[in-house]
Amino acid sequence: MKNSSWLISGLSPLFGLVFFLAVWQVASLFYHHVIIPSPVEVARAFFSLLSGGQFWEHGSHSIVRGLTGFSLAVVAGTAVGLLIGLNQTAASLLRPLVVVFQVTPLVSWLLLAMIWLGFSRVPVFVVFVTTVPLVIINTIQGVKSIDKQLLQMAAVFRVGKSRVVREIYLPQVAPYLMAGMSSALGVTWKAVAMSEFLSVHTGIGAGMAEARMNLETAALFSWTLFLIGLGLVSDRLLAYLTKQKLSHWM
Amino acid sequence: MKRLIRFDNIYKTLGGTRVFQSFSLQVETGKIISIIGPSGCGKTTLLQMLAGLEQPDSGSISGVEELRVSYVFQEPRLLLWKTVAGNIDFVLRDVETAERRRELIDYYLKMMGLYEYRDHYPKTLSGGMKQRLALGRAFAFPHGLLLLDEPFKSLDTPLRLGLVGQVARMWRETRRTIVFVTHDIMEALLLGHRVLVLSAKPTFPVDTVEINVPLEERSIAREPLPGLHDRMLALLRSESVYK
């Protein structure tokens, strides 16, 4: 009895997947493959993109752009977040700017980046502006959560200001920063593909533009799967690193 | 001439109540002064003013300007992301060489019975061990003035007595000034060269006793401690809100 229930709970995600594939397969029978390609066609397109090197070629561009924009956002966002959290003047000066960043539509950033920076730098810029508010806001939350008693302790023992920031503020902000990075990473790959689609001839977004032009819907599905995979892998990786860094005291 | 730490004519209002009103006190350096008093009489505020964490509304505090202050708070106040050794190193880093830091850390971790836990994180320590680490951190810091704010509050009796012994030992080795705030009369009598009893708010000294028996010869069963205990208990009763 116990064994069979274990089997069912262990296999249920697999059942879900099989059910999903079955519905997809049935739906594809009723529509032209340009509208809904069958799972088999998508799989074939996926492996052809994989063996043809397109995933690697386009994917590497996107990963470099995504991680560049993301890293810049983490560094700048942490600095700005700390500044806002620690300094009242900086807070009143910069907070409205953060709100503007948050509410500005993606398409405005895209078009402005094309005008200001030229097409090639659009993806990195768009990733940066869409992720940096997430990092800033989480960092501010982290600063707010800081234990005042520890600051008092450090003040009594006359620990230097820069060490207080590095050894008391940053570790306490770290869990919030990690949460901010996690949501920023979720946005990164979407932003990179979207901006590549509209601005450049390399990267996942460009690969998708090509597939759309040739009416290769199966390839479009494959690119989407690749993006989902990229998002899942990078998220798991970040979660793993977070655990490595913080589990000994959290 | 003996150097003194002086509170002169201190006024201090906290949260709308006047805690200190024309309060004056002299503390002889190089000795231990124990301070007892009813809850909320401003004992902690007194220490915070000595440490520069609170300023008096008026009046002056002198004799502490050039002193390095070490502080044991009521809570351990440890950095959870640093190891046991790392927590002590945190306060030593700016003032001692790497080699000296290692010596101090090893010495005081051994004194506190925490040497085997040097690489552990505070998360894995018991409450008593955390408080011992906070004591070790304060001892290791090269201070001129040690402030103890009910440091044994949450510990069981054998451990309290053991740590009282460690403070006495540390004092004998270094002869540094210690201001020891407690609500336990026996602890106060075991450690203080001078024991000060404070009144309820607004706070003023109601009794002060010099005890000339060396720290290592004192016992809670031997005079003058039992007699002083009864006298101070009576005083505290009369100051208590439950009188």
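In this predicted model, B:D207 is buried, with a relative accessible area of 12%. Its charged side chain has a partner: B:D207 and B:R231 meet in a salt bridge, with 3.0 Å from N to O. Because B:R231 belongs to helix 7 of chain B and B:D207 to strand 9 of chain B, the pair ties together parts that are 24 residues apart in sequence. The two ends of this bridge sit in contrasting surroundings, since B:R231 is partly exposed at a relative accessible area of 42%, whereas B:D207 falls under the 20% limit for a buried residue.

Two further salt bridges of chain B invite a look alongside this one. B:R100 pairs with B:E103, the closest N and O atoms being 3.1 Å apart. Both residues lie in helix 3 (residues 98-111) of chain B, and because they are three residues apart there, about one helical turn separates them. B:R100 is partly exposed, with a relative accessible area of 37%, and B:E103 is likewise partly exposed, at 41%. The other pair is B:K31 and B:E28, whose side chains meet in a salt bridge of 3.1 Å, N to O. Here B:K31 counts as partly exposed at 30% relative accessibility, and B:E28 counts as partly exposed at 26%. Over all chains, the count comes to 18 salt bridges.

The interface comes next. Chain A contributes 19 residues to the contact and chain B contributes 27 residues. About 2,100 Å² is buried between chain A and chain B, and carbon and sulfur atoms give 62% of that area. On the side of chain A, the residues that lose the most area to chain B are A:V156, A:F157 and A:W249, together 30% of what that side buries.

Polar interactions also cross this boundary. Nine residue pairs are in polar contact across the interface of chain A and chain B, both residues being at pLDDT 80 or more. Helix 7 (148-156) and helix 8 (161-199) of chain A each supply at least two residues of the side that touches chain B. Helix 7 of chain A gives the most to that side, with six residues. Sorted by class, the side of chain A that touches chain B has ten nonpolar, six polar and three charged residues. Two salt bridges are counted between chain A and chain B. In one of them, A:E167 is joined to B:K82, with the closest N and O atoms 3.0 Å apart. Both of these residues take part in a network of salt bridges that links A:R163, A:E167, B:K82 and B:D94.

Back within chain B, the loop between strand 9 (205-210) and helix 7 (225-239) holds B:R218. This arginine is buried yet has no salt bridge, and the nearest side chain of opposite charge, B:E216, is 7.7 Å away. The side chain of B:R218 instead reaches the backbone oxygen of B:L189, at 2.8 Å. Beyond its neighbours within four places in sequence, B:R218 is in contact with residues including B:L190, B:L191 and B:H193. B:L215 is found in the loop between strand 9 and helix 7 as well, and B:L215 is buried, with a relative accessible area of 9%. Its contacts, again leaving aside neighbours within four places, are B:I32, B:A168, B:W171, B:L190, B:L191 and B:H193. B:A168 is 47 residues from B:L215 in sequence, but their C-alpha atoms are 6.5 Å apart in space. This loop also contains B:P224, and a cis peptide bond with omega of about 10° joins B:E223 and B:P224.

Most peptide bonds are trans, and most residues other than glycine have a negative phi. Two residues depart from the latter pattern. A:L215 has a positive phi of about 55° and lies in the loop between helix 9 (204-213) and helix 10 (217-246) of chain A. B:E150 has a phi near 40° and is placed in the loop between strand 6 (145-149) and helix 5 (157-174) of chain B. Their surroundings contrast: A:L215 is exposed, with a relative accessible area of 56%, while B:E150 is buried, at 10%.

A last buried side chain is that of B:M49, a residue of helix 1 (residues 43-51) of chain B. Its relative accessible area is 4%. B:M49 touches B:F7, B:I10, B:F20, B:E54, B:Q55, B:P56 and B:I61, not counting residues up to four places away in sequence. Of these, B:F7 lies 42 residues from B:M49 along the chain, with 9.6 Å between their C-alpha atoms.

Terms used. Residues are numbered from 1 along each chain as its sequence is written. Chains are lettered from A and ligands numbered from 1 in the order in which they are written. This is a predicted model: local features need pLDDT of at least 70, side-chain atom pairs count only at pLDDT 80 or more; totals for chains, interfaces and linings use all residues. Side-chain values use heavy atoms; hydrogens and water are left out. Contact means heavy atoms within 4.5 Å. Buried area is the accessible area (1.4 Å probe) that two parts lose on being put together, summed over both. A salt bridge is a side-chain nitrogen of Lys or Arg within 4 Å of a carboxyl oxygen of Asp or Glu. A polar contact is a pair of N or O atoms within 3.5 Å; within protein, one must be able to donate a hydrogen and the other to accept it, and residues adjacent in sequence count only if both atoms are side-chain atoms. Helices (H or I, at least four residues) and strands (E, at least two) are DSSP runs, numbered from the N terminus. Ala, Val, Leu, Ile, Met, Phe, Trp, Tyr, Cys and Pro count as nonpolar, Asp, Glu, Lys and Arg as charged, and the others, Gly among them, as polar. Buried means under 20% relative accessible area, exposed over 50%, partly exposed in between (1.4 Å probe, protein chains only). Lys and Arg count as positive and Asp and Glu as negative; His and the chain ends are not counted.
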